[in-house]
Amino acid sequence: MFTNLLKKKFPSLLCAFLFFSCSEEPSIQTYFIPPEYDGAIVTWNLPDTWGENPDLTGPMAGSFHVKTKSGQQGRIGVMPFRETVSTIDVANMFGREMGYPSFTEENLASILQEKKIGNRTFEWLHLNSQNDSGSSSRRTALLALLRQEGDTWLFPFIADQKLVMQESDNFIRFLDSCTLRPEKNKPILAKSPPLPSKPKTQTAPPPINNPWTWTIPDSWTKGNPSSMRIASFKVEDQNEGELDISVTSFPGNVGGLLANVNRWIGQIDLPPVNQSSINQYCNERTLAGNAGHLVEAYGKEKAVLAGILFLESESWFFKLIGDRQLAEKEKTHFIDFIDSVVLKAEAKKK
Amino acid sequence: MKASRNGSSLGQRRKDFKFLLPLASIRLTLTLLSLSMILIFIATLEQVRIGIRGALAEYFESFYGIWYYPEKFWGGEFLHNIPLPIPGGYLLGGLLIINLTSAFIVRFQWTMKKVGIQLVHLGIILLLVGQLVTQAIQEESRMQINKGEESNYIERFHGVELALREVSDPNKEKVVTIPQEILENEGSLIDQSLPFTIKVHHFGVNCDFDIIPPGKPKSNIAKMVNRGVGHSANLNIIDKDEDFSSEGMNFGYLVFELFDQDKSIGNWMTIAHPAGNQVWSQLSPKLSDMSFQSIRHKGKLWGVTLRQKREYLPFSIELLDIENEYYQGTEIPFNFESDINLHLEDNQTRRALVYMNTPLRHGGMTFYQYQMNDAANYSVFQVINNPSWLVPYIACILVSIGMLWQFSFHLVKFLRKNSKSPANA
């Protein structure tokens, strides 16, 4: 009976196994989560006749212009104020530009209006330029001020009076479309932890302080950070040649001179050497006042140059690896670099 | 009579499953086991060159791998350029399962006398199947929590996704994620959840990136970026091979263009930081928006970022306190422990202490203490989700019972035989 069952089910069992062995087909997922974003949220719908100015300056959260036949005209802005700002200060800020004397509460009250747009109420202020009152291109600043709990938003629209009048309906529609939410108060604790290279992990050795200082050649730029490196530099040329320069330190002698030299020359596709033939790549050299080694090896396409310093309880490696032609060009700089290595304390004395 | 019935049962099975006979061959078993040894030897050699993850992907998580004889070995200068196909873990494991299952059906006698052997083989089959299932469904992630805060998501160690978040609604965020597998195919992406079309220009699993002075030449990939952080920070990126080494940090990158219907909105660049995108703000203020590059579209604010693949959990973990202990007079860690509150789905809270080798198990996941930084007050858990974690235990128990049975059976038989035979004085 079992045999018959097995006989009947074997192909379907095999198919089921193969089916379930296949991984899930990747797809675009959509889901909803409670709000995580704690930055300011400012959004709007722009009227068709308006355009966005790409480069924001100062406190602006948004900057726009009106597209006209004669080009871009007018300035419309969105300015958030974290703290409560007085209407008189705002009026004076723009009033001075328009040639008004300083406002007082009394004379401001005569031109200040309230305007309800959607379910929000704006303070509404029209300031016409006092300097060109007879001109057809009289400048006007239409200021809309929205006060929300804990924050204030200012929307200035500055343009010729004619344009402001013409675009006033668009301005109102624009204000109605705005979503305005200030940046949430961040906790005192940093939201972001420090770089991963810094934390002490269960496996990583404790970080070694850098006691050295050195002079970096002008042609070198800062390289990518890494948890293993004390310092990192790189050199690039126009032929896409690259050199990676690193300063690393490890406790102990990390296998000794021969093991490290063989590991490095392996990286540039050269056969390993033994103790008797290591001299073809390695010479003794004084580094930072200590007896050290200089390794110089050139493969077909790559090269490695390195200064090694075995101290009592730790080893220091100053290594350059990369494109052979560029390495040959940078050799002098590299030698200057390792020769410039001195203890920070000694450098201070000098 | 019983033996004869069993014998005929085996005969019947052999007749019914004739096609399985070649697959049940002991020679095939030995061949597969020998090839497995070769595979392990070669993968171990290659591990030095391409790292553990590389060797796993090339040789074990595949049907075949291509191996080049090392140049440094004897005769390497001639043999190095010849590609040698090596049967991969999936192929050998799959064939071994078929081989053992076939043997079970057409070669083994289903008698009490042999039940031990059957159990041993059943255990081995279970071990192989379990490993295959684990390979397919096990996922390793990390959860990082600041002290005093709580987290309800985990991020994969490997694999990224493009996340587009619509944050205008004060009560909820809409998140649309596009996995790496889809980004790798490049081309245009349209989804009804998105108000724009995304055209993927370049995607890579790793890159070198640098903020360069204006006017300095950029790579072709970076040249086309005209919006967002890539543009404002004058970022240059150069594509790089994936680093499979255990210390390797892979910065996945994406250059994409957004279209509002047929009209291009611009080209953006986004890079995923392997330690989480919250790190960007500490690398450079210019890069701090990399975790949320804002895009305003039709009155909505969208944020776009490439991040480690994220999974939200139905529960959250609050980090109450952390403690580091070191061996006296050294900086060698002795113990790391995290004091946590587990906030469950039904508003219940469970207090737990997670420390080295004592993980927290909840919701099918195991949270191991992974990293800790007492200066910055945060803790990182390694999160393993492996629904088949019990299978190897069950398999080992089956093998043990089988062996015990088989030895006991022979021992009893031997003792009986001994007691029946006349004692020699």
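Helices of at least four residues and strands of at least two are DSSP runs, numbered from the N terminus. With that in hand, welcome to a predicted model, shown here in a handful of close-up views.

**View 1. A hairpin in chain B brings two strands side by side.** Strand 4 of chain B leads into strand 5 of chain B by way of a hairpin of six residues. Strand 4 covers residues 150–166, and six bridges hold it to strand 5 of chain B in an antiparallel arrangement. To find your place in this pair, look for B:L162, which sits opposite B:I178 of strand 5.

**View 2. Strand 5 of chain B also pairs with a strand of chain A.** Here strand 1 of chain A, residues 29–33, meets strand 5 of chain B, residues 173–179. The two are antiparallel and share five bridges. A good landmark is A:Q29, whose bridge partner in strand 5 of chain B is B:T177.

**View 3. Seven strands of chain A form an open sheet.** Reading across this antiparallel sheet, the strands come in the order 3-4-5-9-8-7-6. Strand 3 (50–52) and strand 6 (112–117) of chain A each have a single partner strand, so they stand at the edges with one side lacking a neighbour in the sheet. From one strand to the next, the twist averages 25°. At the strand 3 edge, three bridges link strand 3 of chain A to strand 4 of chain A (residues 62–68), again in the antiparallel sense. Within that pair, A:E52 faces A:F64 of strand 4.

**View 4. Two helices of chain A lie against the strands.** Helix 5 of chain A, residues 168–177, packs on the sheet and touches strands 3, 6, 7, 8 and 9 of chain A. Its direction makes about 60° with that of strand 6 of chain A. Helix 2 of chain A, residues 87–97, lies across strand 6, strand 7 (120–128), strand 8 (139–148) and strand 9 (151–160) of chain A. The angle between helix 2 and strand 8 of chain A is about 160°.

**View 5. Helix 2 of chain B is kinked.** This helix runs through residues 26–60, 35 residues in total, yet its end C-alpha atoms are only 23 Å apart. A straight helix would reach 51 Å at 1.5 Å a residue. Look to B:I50 for the centre of a kink of about 125°. Buried residues of this helix are B:L32, B:L39, B:A43, B:A55, B:E58 and B:Y59. They pack against strand 1 (64–68), strand 2 (83–87) and helix 4 (89–106) of chain B.

**View 6. The largest nonpolar core has 40 residues.** The residues with the most contacts inside this core are B:Y253, B:L254, B:M269 and B:I271. Several strands of chain B each supply at least two of its residues, including strand 7 (197–204), strand 11 (263–271) and strand 13 (300–326). Strand 10 of chain B gives the most, with five residues. What does B:L254 touch, leaving aside its neighbours within four places in sequence? Its contacts are B:L162, B:L183, B:V200, B:F203, B:T270 and B:L306.

**View 7. A second, separate core has 32 residues.** Among its members are A:V247, A:A297, A:W316 and A:V341. For the wider setting, chain A has eight helices and 19 strands, and buried residues make up 23% of its 350 residues.

Notes
Residues are numbered from 1 along each chain as its sequence is written. Chains are lettered from A and ligands numbered from 1 in the order in which they are written. This is a predicted model: local features need pLDDT of at least 70, side-chain atom pairs count only at pLDDT 80 or more; totals for chains, interfaces and linings use all residues. Two strands pair if DSSP finds at least two bridges between them. Axes are lines fitted to C-alpha atoms, for helices over the stretch in contact, and angles run from 0 to 180 degrees between N-to-C directions. Two residues are in contact if their C-beta atoms, placed from the backbone, lie within 7 Å. The expected span of a helix is 1.5 Å times one less than its number of residues. The bend at a residue is the angle between axes fitted to the seven residues ending there and the seven starting there. A residue is buried if 20 or more other C-beta atoms lie within 10 Å of its own, exposed if 12 or fewer, and partly exposed in between; C-beta atoms are placed from the backbone. A nonpolar core is a set of buried Ala, Val, Leu, Ile, Met, Phe, Trp, Tyr and Cys residues joined through C-beta atoms within 7 Å.
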